[in-house]
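Let's practise reading a protein structure together. Take each exercise in turn, try it yourself, and then compare with the worked solution.

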Amino acid sequence: MSDIVLTAKNLARRYAVSRGAFRELATVNALADASFTLRRKRTLAVVGESGCGKSTLARLVAMIEPPSEGSLVIDDIDIARATAAERAVLRPKVQIVFQNPYGSLNPRQRVRDALEEPLIVNNRGGADERRNAVAEMMEAVGLRPEFGERYPHMFSGGQRQRIAIARSLMLSPDILVLDEPVSALDISIQAQVLNLIGELQERLSLAYLFISHDLSVVRHVADEVMVMYLGRAVEAGPRDEIFARPRHPYTRALLSATPVADPRRKKERIVLTGELPSPIDPPSGCAFHPRCPIAVARCASERPGLRRLGAAEVACHLAE
Ligand code: SF4
């Protein structure tokens, strides 16, 4: 059996937005081009600044919205072209965990009802089976089953994220999209939740798409890393390769801003000037060129495609 559970090719997502009365609609290229695979027991981390397209990518993979272009294949079915019946079969296979666990739980719903709900909606099991499944899942995420009678506000932030993870697993998915799952938690709790996420992946053979802006977290959880800039992947490859030999100037700048554990190791901080450009009117050529510290004339007119360098793929004319 192949360990590939999802294949995405040239995914793009565009939105039409108003520019005011009597003006034509503008097009926002929230995601311009992303290709990757997700594998069982493996984590692909997607990193980049706010507005780089990573959350749009999360919503496409979680089937919250369809791509404008490209294919997203699960079980040999392209979600973009699937029938309603096929989508209904595929939907439980991909679940999403959001950054804010309190926002994703109904404050008026007891925890055991919140966990049982996906089973009821999908006609899974009888009442006793469902109750047992809820108790088992609570234990699996490190919560006592009797806590199921409580409401979300009676838990700490870390416990609420455990509940959100438990709910996402009730339908036995193959893929979890984790959208900044620990960034709202205290630093002391983050490690516990990350360890839980790692244990569950191993035990349940899950594939993870892990969205994060925090490279310290990514270094801890990722097998592969995809760095995004203005809706496109600019560098992708195995975690150790990306962290040890970043080739794209944007990846280097992101990594230079990450704290190192060893105070004797000094790093030169690369400070990027300027803001992320608007996806309504992206720069010509390489979209990074207005902020790139090593840009040359060619960069403004010719967009570099991803090319293989070592174990990674890099989109930069000058990368070696
Ligand atoms: Fe910088 Fe040019 Fe490489 Fe883009 S292609 S990252 S502008 S050097």
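**Exercise 1.** Where is the place of leucine 230? Work out as well whether leucine 230 is buried or exposed.

*Solution.* Keep in mind that you are looking at a predicted model.
- Step 1: Leucine 230 lies in the loop between strand 9 (224-229) and strand 10 (232-238).
- Step 2: Its backbone is worth a look, since leucine 230 has a positive phi of about 50 degrees although it is not a glycine.
- Step 3: The relative accessible area of leucine 230 is 7%. Buried means under 20%, so leucine 230 is buried.

**Exercise 2.** Find the place of asparagine 10 and decide how accessible this residue is.

*Solution.*
- Step 1: Asparagine 10 belongs to strand 1 (residues 4-17).
- Step 2: Here, too, a residue that is not a glycine has a positive phi: for asparagine 10 the value is about 50 degrees.
- Step 3: Relative accessibility is 43% for asparagine 10, so this residue counts as partly exposed.

**Exercise 3.** Which residues does leucine 209 touch, leaving out those up to four places away in sequence?

*Solution.*
- Step 1: Locate leucine 209 in strand 8 (residues 207-212).
- Step 2: With 0% relative accessibility, leucine 209 counts as buried.
- Step 3: The residues touching leucine 209, with those up to four places away in sequence not counted, include Phe36, Leu38, Val61 and Leu176.
- Step 4: For a sense of distance, take proline 173, which is 36 residues apart from leucine 209 along the chain; their C-alpha atoms are separated by 13 Å.

**Exercise 4.** How many residues does the largest nonpolar core have, and which have the most contacts inside it?

*Solution.*
- Step 1: The largest nonpolar core has 54 residues.
- Step 2: Helix 6 (residues 187-204) gives the largest share of this core, 5 residues.
- Step 3: The most contacts inside the core belong to Leu115, Ile165, Val218, Val225 and Tyr229.
- Step 4: Follow one of them: valine 225 touches residues including Leu44, Val218, Ile242 and Phe243, not counting those up to four places away in sequence.
- Step 5: As background, nonpolar side chains tend to be buried together in soluble globular proteins.

**Exercise 5.** Which residues come nearest to the ligand?

*Solution.*
- Step 1: Start with the space: the ligand takes up the largest cavity.
- Step 2: Around the ligand there are 13 residues, and Cys286, Cys292, Cys299, Cys316 and His317 come nearest.
- Step 3: Sort the shell by class, and you get 10 nonpolar, 3 polar and no charged residues.

Terms used
Residues numbered from 1 in each chain as written. Predicted model: local features only at pLDDT ≥ 70, side-chain atom pairs only at ≥ 80, totals over all residues. Heavy atoms only, no water. Near = heavy atom within 4 Å. 1 Å grid on protein atoms, 1.4 Å probe; cavity = no way out; pocket = protein on both sides within 12 Å on 5 of 7 lines; lining within 4 Å. Sits in = over half its atoms within 2 Å of the grid points. Nonpolar A, V, L, I, M, F, W, Y, C, P; charged D, E, K, R; others polar. Helix = DSSP H or I, 4+ residues; strand = E, 2+ residues; numbered from the N terminus. Buried < 20%, exposed > 50% of the residue type's maximum accessible area, 1.4 Å probe, protein only. Core = buried A, V, L, I, M, F, W, Y, C linked by side-chain atoms within 4.5 Å. Contact = heavy atoms within 4.5 Å.
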